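Okay, thanks everyone, I'll keep this short. Let me put the structure up and then talk through its side chains.

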Amino acid sequence: MSRSARKVDHINHALLTGQALSHGFEDVKFVHNSIPEINVDEINLSSKIGELTLSSPIFINAMTGGGGKETTKINQQLAEVAAETDIAMAVGSQMAAIKDKEQQPSYTIVRKVNPKGMVIANLGSEASIDQARQAVEMLEANAFQLHVNVIQELVMPEGDRNYAGTFKRIEELVHKLEVPVIVKEVGFGMSQETIKRLAAIGVEMVDIGGFGGTNFSKIENKRRDRQLRFFDNWGIPTTASLLEVHHANTCIDVLASGGMQTALDLAKSLALGARAGGFAGYFLKILKEDGQEALINEITDLKEDLTMILTALDVKSPHDLTKVPLVFSGETYQWACQRGID
Ligand code: FNR
């Protein structure tokens with residue numbers, strides 16, 4: 001199957017499979033503050049991640065590009081939404097366009113319709129430094145996501161089977177690429193052990209891409225005859241992964257994603273130490289089912305809802321949420337206890 005046919009397959013299966021919502025956000029509760037003393041006007045939603053400043057802690061996470069009209073249209077619409085709402089946007093893997101220049105317009109459209117916005121390039125961990133530079137140049141990207149997706153590749157019939165040298169490649173990219181590098185999971189989460197190894201080779205930003213949202217084992221299983229069902233429940237839920245990363249106590253700046261749908265999910269992620277939250281499957285579903293205007297309205301509402309939550313918790317900025325008390329229950333609590341996270 002060609003790469004571009006695979007991209008359309010991913011979109012259709014992602015929409016059919018939906019988001020599992022087993023991310024653990026329901027296990028995290030804010031402790032109510034009866035007497036906040038804040039004025040809503042004092043709240044500033046901007047957020048810093050490494051040297052990047054986001055106008056709000058919401059971004060469109062990597063989804064698509066490459067090939068036909070459908071992926072080009074989705075990227076154009078997402079980029080227009082990003083421009084209109086002033087949020088950052090990552091594109092899907094650009095390997096298709098690096099291997100075949102004719103596929104570049106489905107990515108370059110993103111920069112064309114959003115010339116001043118924050119755009120993030122994306123390639124898999126097999127990428128060489130030369131390919132990463134091409135991906136960044138193609139978009140005049142402000143940052144570069146390097147995705148790690150071993151479970152997806154294993155379930156994908158035509159997926160990679162050789163992962164040797166991944167850490168070495170990540171290390172080279174982080175040190176040589178001219179823009180900040182974000183190492184990103186695609187929905188299976190990152191452990192404290194992984195984060196420590198990434199910190200040791202100089203990685204400064206990760207997107208933990210936790211389990212519980214779009215499920216790439218289920219998506220790839222739909223595309224194969226003999227299914228590897230045991231991977232369908234494999235992974236570290238988003239809240240547990242955020243706790244893992246926090247406990248690792250490195251200098252890495254963290255982005256959260258995996259099942260994000262509401263401002264409350266986002267606020268909980270920020271309270272668990274994330275600098276921003278990425279939305280993929282949820283935004284794609286709104287765009288495809290209800291259209292571009294609906295997605296713009298949803299993002300506007302998310303910002304307003306987040307402002308309300310910050311007000312209730314008496315904090316002026318997303319980062320200040322790390323100071324508010326939280327109570328844990330259920331699987332997230334069990335996970336933390338067994339992993340020595342207090
Ligand atoms: C993705 N995702 C993804 N990630 C990546 O780094 N490169 C890619 O090319 C893609 N492609 C892709 C296609 C489609 C259709 C979807 C829905 C998702 C993964 C995405 O960025 C995110 O990590 C996961 O989807 C989990 O987040 P959500 O969907 O639960 O918000």
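I'll go through the aromatic rings and then the nonpolar cores. Keep in mind that this is a predicted model.

So, aromatics. Searching the whole structure turns up four aromatic pairs. Take Phe230 and Phe231: their ring centres are 4.8 Å apart with the planes at 55 degrees, so that pair is tilted. What's fun is how the two partners sit: Phe230 is exposed, at 53% relative accessible area, while Phe231 is buried, at 9%. Now look at Phe279 and Phe283, which make a stacked pair, with 4.7 Å between centres and 5 degrees between planes. Phe279 is buried at 0% relative accessibility, and Phe283 is buried with a value of 0% too.

Back to Phe230 and Phe231 for a second: together with Trp234 they form one aromatic cluster. And there's a charge over a ring as well: Arg197 lies over the face of Phe167, 3.8 Å from the ring centre.

Okay, cores. Which residues touch the most other members of the largest nonpolar core? That core has 86 residues, and the answer is Phe144, Ile170, Leu198, Val203, Val206, Phe283 and Leu321. So Phe283, from our stacked pair, shows up here again. As for helices, H13, residues 292–312, gives the most to this core, with seven residues.

Zoom in on Leu198. Ignoring neighbours within four places in sequence, Leu198 contacts Phe167, Ile170, Val183, Met190, Val203, Val206 and Ile252. Phe167 there is the ring under Arg197.

Last thing: there's a second, separate core of 14 residues, including Leu52, Ala88, Ala143 and Ile182.

Terms used
Residues numbered from 1 in each chain as written. Predicted model: local features only at pLDDT ≥ 70, side-chain atom pairs only at ≥ 80, totals over all residues. Heavy atoms only, no water. Phe/Tyr/Trp six-rings, centres within 6.5 Å; stacked < 30°, edge-to-face > 60°. Buried < 20%, exposed > 50% of the residue type's maximum accessible area, 1.4 Å probe, protein only. Lys NZ or Arg CZ within 6 Å of the ring centre and 35° of its normal. Core = buried A, V, L, I, M, F, W, Y, C linked by side-chain atoms within 4.5 Å. Helix = DSSP H or I, 4+ residues; strand = E, 2+ residues; numbered from the N terminus. Contact = heavy atoms within 4.5 Å.
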